[in-house]
Every structure is written in C-alpha cells, then in structure tokens.
Amino acid sequence: MCGRTACSLAADSLRRACAYRDRRGQQRKPEWVREERYQPSFNKGPQSSGPVLLSRRHLHQDADSSERVLMDMRWGLVPSWFKQDSPSKLQFNTSNCRSDTMLSKSSYKGALLKGKRCVVLADGFYEWQQQSGGKQPYFIYFPQTKDTMDKETEGEEEWKGWRLLTMAGIFDCWEPPAGGEMLYTYTIITVDASKDVSFIHHRMPAILDGDEAIRKWLDFAEVPTQEAIKLIQPTENIVFHPVSTFVNNIRNNTPECVAPIELAAKKEVKATPSNKVMLGWLNSSQEGCPQKKENDLPKWTSQFIHSPPPKKTSADVLQQWLGKKGQPAAKKHKA
C-alpha cells in the first residue's frame, strides 16, 4: 500500500524536475495550476494535498493531450457522483486503489474509463514493516545516478537534481451539491510488492519508470484504458533504507523523517566520510524552521545514490547506509 509520502522540492524545482518532450519532440516544463496551494513536505498523508501530473486536455478541451500540467490535489479520491454535502462523509478509504479491482469498483471505474489518469509525484514513500516489537518504517525511492547534484543550480535548464518517484494514480472532480469550488482528488494505484520490498509489505504503489511510461499513462486521448493499464506492474527499480519512528507522527515534518538510521540500535547513523554531508544538512535544516529552505535540494541526495552498472539491489544499498558488512537486522531477502 502507500499511506505516506515525502515531496520536499519547491514549486519551481518540481516543475523543472518534471521536464518532458511533447508529441512534437519539443522540450517542455509543465505549467502549474493553483501553484499557490502547493506546500513541500517531508511527511504527507491522506487528506493532505500533493502534486500530480495530468494531461492539459482535462482542463482545456482544445489542448494537445500530450501536454502536461502540474496540479495540487487532495489525497483520497471523492467520486464525482458522491451526493453528500461534505467529502468527510465518504464512508470508505480511497487513498489507495487496488489494481485488480479498479475496473470493478464504482469509486474508480467511472473516472478511469473517462481517462482521468494522473501521476502522483514524491521524493519517495514510506512503508512500515510489521515486527514483534512494533512497526519499522522504511523510506523507498528511485535509485539516483552520480549526476545527481547536492544542490540545484539556479538558471540551469536541465534538471540534475533528485529523481522524483512517479506513481500511477486516478483522479476525479467533485462538485458540492449546493454549488461551490470544484474539489480535485486522487488515489494511488497499488500492486503486489516486488521481490525486494515484499518483506516490508505485501503491497506497493504502481510506479511508472521512465518518461515513455508516464506519457502513455497521461495521454488518455491517444492511449486507451485497456492499453494503459498494462503499465500497472510492480517494479524492481527501487531502493530503500530504514528511518526513525519519528515519521509515524504526521505532524513531524523535518528532514529527520527521511534520515537513515542504524537498525540494530534504532539510532541515527554515526558520522562517516560517506554520510557527514547528509548529517550536517539534516542538523542545519532544523535550525529555526521545520522545513528546509524552499530552494535547497536535499543534500541527502548524494548519500542515496549508486551508479549503474552494475546495478545494486535494494539490500545492497541498505547495507551501504547502515555501514555494515553483515546482514541488517531486518529479515534477509535474497535478491
């Protein structure tokens, strides 16, 4: 499943990180819709709002369906047919949508068949592993390349920062029966967990790996529903590390939420040459402000990267952060 995410990039950085090529091959950056509503966060949960990509044609019927826009939507889909006067009266949880039932459940079927497909953006997502002594949270994200910069450079056209996790979603638009502002909401599609993360949880979000997959999912005018849903598959192209139970409290919104910890001792990793920069940034980011400065790319990016080939498994990356030669305390998983 997917019940908590982080998305800490500033609005303009998020736009640059989502650069793409349109149908004519031109490099573009998606335009923001309601940019002022977007708030970066290290700890986003259902009922909060978050950034999504969608086709511009959903908002402008004469637009090219390959053009994309960024929009801040509320997490937890409210179907357009919902007749109550408040979304809070919805009696079921719609933050996640199972891939095997999305074409049969009325909450999602109508929106999906109308092409209301979106891509939910995040630095990564959190998942909790059930253990005898409680639940251990992990932060899960795309592998980062050596080109990932510690800090973005203003004015550069090409994005060299953190590669955002791109999750397949469905959105809908609900209008209050008595009239008022339209409410845009989304759900994240989930699939069976891939082999590397199945020991943490048996479900995971459907991740779209690469711009071609994103293009097909968003371009509802060119790619019909039955073709698009073939993209909904588990992916092995993710890495993870354990984090503190500090993230359990949704009110906690600082870099500590994503900081790797030493599993055996349940404490922050001791400073080594490989993580001094990350630890220093985490400390400075918490001085005087619960969030990092808006234009700072997380400096922990340099600590969470590896360079293919050869491709490292998630277990290899986890061992790297823990600084251990042996297997971490978490259940050993054969790659």
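This passage describes the overall make-up of a predicted model, followed by one of its sheets, a helix and a buried alanine.

The secondary structure of the protein comprises six helices and 17 strands. The protein has 335 residues, of which 54% count as buried. The exposed surface amounts to about 15,400 Å², and carbon and sulfur atoms contribute 48% of that area. When contacts between residues at least 6 apart in sequence are considered, 69% of them link residues at least 24 apart.

One open sheet is built from five strands, arranged in the order β5-β1-β10-β11-β15 with antiparallel pairing. The edge positions are taken by β5 (41-44) and β15 (239-242); each has a single partner strand, so one side of each lacks a neighbour in the sheet. From one strand to the next, the twist averages 30°. At the β15 end of the order, strand β11 (residues 134-141) runs antiparallel to β15 and is joined to it by four bridges. Within this pairing, Tyr141 has Val239 of β15 as its bridge partner.

Helix α2 spans residues 106-113, and its residues Ser107, Tyr108, Ala111 and Leu112 are buried. Viewed down the axis of α2, the buried residues lie within an arc of 100°, so they line one face of the helix. The cover over these buried residues is drawn from both strands and helices: it includes the strands β8 (96-98), β9 (117-122), β12 (165-174) and β13 (183-192), together with the helices α3 (211-218) and α4 (225-228). Just after α2, Gly115 adopts a positive phi of about 80°.

A further buried position is found in helix α1, which covers residues 11-17 and contains Ala11. The relative accessible area of Ala11 is 9%; because buried means under 20% relative accessible area, Ala11 is classed as buried. With residues up to four places away in sequence left out of the count, Ala11 touches Trp32, Glu35 and Tyr38. The C-alpha atom of Ala11 is also separated by 9.2 Å from that of Pro51, a residue 40 positions away along the chain.

Conventions
Residues are numbered from 1 along each chain as its sequence is written. This is a predicted model: local features need pLDDT of at least 70, side-chain atom pairs count only at pLDDT 80 or more; totals for chains, interfaces and linings use all residues. Side-chain values use heavy atoms; hydrogens and water are left out. Two strands pair if DSSP finds at least two bridges between them. Helices (H or I, at least four residues) and strands (E, at least two) are DSSP runs, numbered from the N terminus. Axes are lines fitted to C-alpha atoms, for helices over the stretch in contact, and angles run from 0 to 180 degrees between N-to-C directions. Buried means under 20% relative accessible area, exposed over 50%, partly exposed in between (1.4 Å probe, protein chains only). The arc is that of the directions from the helix axis to the C-beta atoms. Contact means heavy atoms within 4.5 Å. Accessible areas come from the Shrake-Rupley method with a 1.4 Å probe; for residues, only the protein chains shown count as cover.
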